[in-house]
Amino acid sequence: MNLLLILVGLFLLTFIGMVIGIVLLIIRKEKWAGIIVAGLSIGIGFYILLAGLNLATINLLQNSSNPSTFSDFGSSSNNYDDEFTDDYINVKYGETATLDDESLITINKPTVSREETDYDIYEVKVKVENPSTDDISFSSEDVYIYDQADDDYGDEITEKAFSGTIKHGETKEVTIFFRVYNFGPYEVEYDNYNWTE
């Protein structure tokens, strides 16, 4: 940053030199002195401008390769805390969680459905019960599998995904399929809940 300020200062000095050269050339009628001063100022200013643009481009490229510094450019108040904790409520596989809309969700441990060369297909069985007096909405696409070893989410590939309304007193059981590229352990997330072993 200091180098950039120095370059801006030098560029301003060369601009002033160019103005002095034009004044010498036109007003004072000192032809050679005006040409030399203006020419040198323009030449030096051009190289300073190139150096400044080069420095700014390098700075931008470095920031764009690191998204967190680019998005927080000029701000030190948005630093991430090393002691980050998520807001998920942990539940054991097979246990039932009661959501804010009074629906009861039970998620079983993911099991291997099919093994492929580069990935595995896991299936997750989910049971949604609606004991409330109102209809509730549920979408199987809102259920996620998280691979702790790969630090990534699996791809949901269910052909017949469910998304719709579950009426009062109804129970809906769905099987959701995920493509995963590692060996786990896995967590299954829905709403603010996290099912683990």
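This is a short dialogue on how to read some features of a predicted model.

Q: What should be known about the model before reading it?
A: The model is predicted: local features need pLDDT of at least 70, side-chain atom pairs count only at pLDDT 80 or more, and totals for chains, interfaces and linings use all residues. Residues are numbered from 1 along each chain as its sequence is written, and side-chain values use heavy atoms, with hydrogens and water left out.

Q: How many salt bridges are there?
A: A salt bridge is a side-chain nitrogen of Lys or Arg within 4 Å of a carboxyl oxygen of Asp or Glu. The count by this rule is 6 salt bridges. One of them joins the side chains of K109 and E197, at 2.7 Å from N to O. This pair links distant parts of the chain, 88 residues apart: K109 is in the loop between strand 3 (104-107) and strand 4 (111-115), and E197 is in the segment after strand 13 (193-196). Strands here are DSSP runs (E, at least two residues), numbered from the N terminus.

Q: Is E197 buried or exposed?
A: Buried means under 20% relative accessible area, exposed over 50%, and partly exposed in between (1.4 Å probe, protein chains only). E197 has a relative accessible area of 58%, so E197 is exposed. K109, at 45%, counts as partly exposed.

Q: Which residue forms a salt bridge with D135?
A: That residue is K167, and the closest N and O atoms are 3.7 Å apart. K167 lies in the loop between strand 10 and strand 11 (171-180), and D135 in the loop between strand 5 (120-129) and strand 6, so the pair ties together parts that are 32 residues apart in sequence.

Q: How many aromatic pairs are there?
A: Rings of Phe, Tyr and Trp (its six-membered ring) pair if their centres lie within 6.5 Å; planes under 30 degrees apart count as stacked, over 60 as edge-to-face and the rest as tilted. The count by this rule is 7 aromatic pairs. Among them, F138 and F162 are stacked, because their ring centres are 6.3 Å apart and their planes are at 25°. F138 lies in strand 6 and F162 in the loop between strand 9 (155-156) and strand 10 (163-166), so this pair ties together parts 24 residues apart in sequence. F138 is buried at 2% relative accessible area, and F162 is buried at 18%.

Q: Which residues form one aromatic cluster?
A: The cluster is made of F138, F162 and Y190.

Note on methods. Helix = DSSP H or I, 4+ residues; strand = E, 2+ residues; numbered from the N terminus.
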